[in-house]
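The following note is offered to a colleague who is meeting this structure for the first time. Its points are numbered so that each may be read beside the coordinates.

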Amino acid sequence: MGDLDDLYQELILDHNKSPRNRGELENATCKAAGHNPLCGDRVTVFATIEDGIIKEITFDGAGCAISTASASLMTESLKGKTLEEAKALFKGFHGLVTEETEETEDGPGLGKLAVFSGVCKYPARVKCATLAWHTVHAALSENGDTVTTEDDE
Ligand code: ZN
């Protein structure tokens, strides 16, 4: 196993086995779907925004352990956050898994999301980890189109 232990941390395995906030959100004010064709991961993110705050956020879909755990942990991290904080977390998370971290002085801490730091060593897995984040970004930007991790290539 060796290095793979970095990737499949206990917290990731736990969130894959019992994802949090999974299922459709009936009164969602925004939603978006995402697809990572390289791995076959699909995720739909639902959110209820009130006064600029993410009141409720859920996801649904099917994918590999990394994509499921990432979506699950993402919903936990974003619930109760303002849209600005959500954007900062998206940036911070993206930096973490792509190793393009810029020193941020007053951004929110990544907390549990730091378990994904091992992902940067596995380029194919980075897209699995970021899929839910790209999807929520689309949902919050009220861009109802399906996003794909292959957009920017
Ligand atoms: Zn995947």
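1. The note may begin with S72, in a model that is predicted. S72 has a relative accessible area of 0% and is therefore buried, the cut-off for that term being under 20%. This serine belongs to helix α3, which covers residues 65-78. Leaving aside residues up to four places away in sequence, S72 is in contact with H15, P19, R20 and F59.

2. The sheet deserves attention next. It is open and mixed in its pairing, with 4 strands in the order β3-β2-β1-β4. The edge positions are taken by β3 (53-62) and β4 (147-148); each has a single partner strand, so one side of each is left without a neighbour in the sheet. Helix α3, the element that holds S72, packs on this sheet through contacts with β2 and β3, and its direction makes about 170° with that of β3.

3. Within the sheet, strands β1 (residues 30-36) and β2 (residues 41-50) run antiparallel and are joined by 7 bridges. In this pairing, N36 stands opposite D41 of β2. A further helix, α5 (residues 123-140), lies across β1, β2, β3 and β4 and runs at about 150° to β1.

4. D41 also takes part in the metal site. The zinc ion is coordinated by the SG atoms of C39, C64 and C128, and by D41, which is listed twice through OD, at 2.1 to 2.7 Å. Along the chain these donors follow the spacing C-x1-D-x22-C-x63-C. How do two of the ligands, C39 and D41, compare with the cut-offs for buried and exposed? C39 has a relative accessible area of 33% and so counts as partly exposed, whereas D41, at 1%, is buried.

5. The largest nonpolar core comprises 33 residues, and those with the most contacts inside it are I66, L78, F93, F116 and W133. Two or more residues come from each of β2, β3, α3, α4 (83-98) and α5. Of the contributing elements, α5 gives the most, with 7 residues. L78 illustrates the contacts made here: beyond its neighbours up to four places away in sequence, L78 touches I54, I57, A86, L89, W133 and V136.

6. The aromatic residues of the core merit a separate point. There are 2 aromatic pairs in the structure. One is edge-to-face, between F93 and F116, with 5.5 Å centre to centre and 75° between the planes. This pair links distant parts of the chain, since F93 is in helix α4 and F116 is in the loop between α4 and α5, 23 residues apart. F93 is buried, at a relative accessible area of 0%, and F116 is likewise buried, at 0%. Why is the pair of F93 and W133 described as stacked? The ring centres are 5.0 Å apart and the planes stand at 20°, and planes under 30 degrees apart count as stacked. Because F93 lies in helix α4 and W133 in helix α5, the pair ties together parts that are 40 residues apart in sequence. Ring pairs thus join F93, F116 and W133 into a cluster.

7. A final remark concerns A139, which has its place in helix α5 and counts as buried at 1% relative accessibility. A139 and C30 are 109 residues apart in sequence, yet their C-alpha atoms are 5.6 Å apart in space. Residues up to four places away in sequence aside, A139 touches C30, K31 and A32.

Key: Residues are numbered from 1 along each chain as its sequence is written. This is a predicted model: local features need pLDDT of at least 70, side-chain atom pairs count only at pLDDT 80 or more; totals for chains, interfaces and linings use all residues. Side-chain values use heavy atoms; hydrogens and water are left out. Buried means under 20% relative accessible area, exposed over 50%, partly exposed in between (1.4 Å probe, protein chains only). Contact means heavy atoms within 4.5 Å. Two strands pair if DSSP finds at least two bridges between them. Axes are lines fitted to C-alpha atoms, for helices over the stretch in contact, and angles run from 0 to 180 degrees between N-to-C directions. Donors are N, O and S atoms within 2.8 Å of the metal (3.2 Å for Na, K and Ca); water is not among the atoms, so sites may look incomplete. A nonpolar core is a set of buried Ala, Val, Leu, Ile, Met, Phe, Trp, Tyr and Cys residues joined through side-chain atoms within 4.5 Å. Rings of Phe, Tyr and Trp (its six-membered ring) pair if their centres lie within 6.5 Å; planes under 30 degrees apart count as stacked, over 60 as edge-to-face and the rest as tilted.
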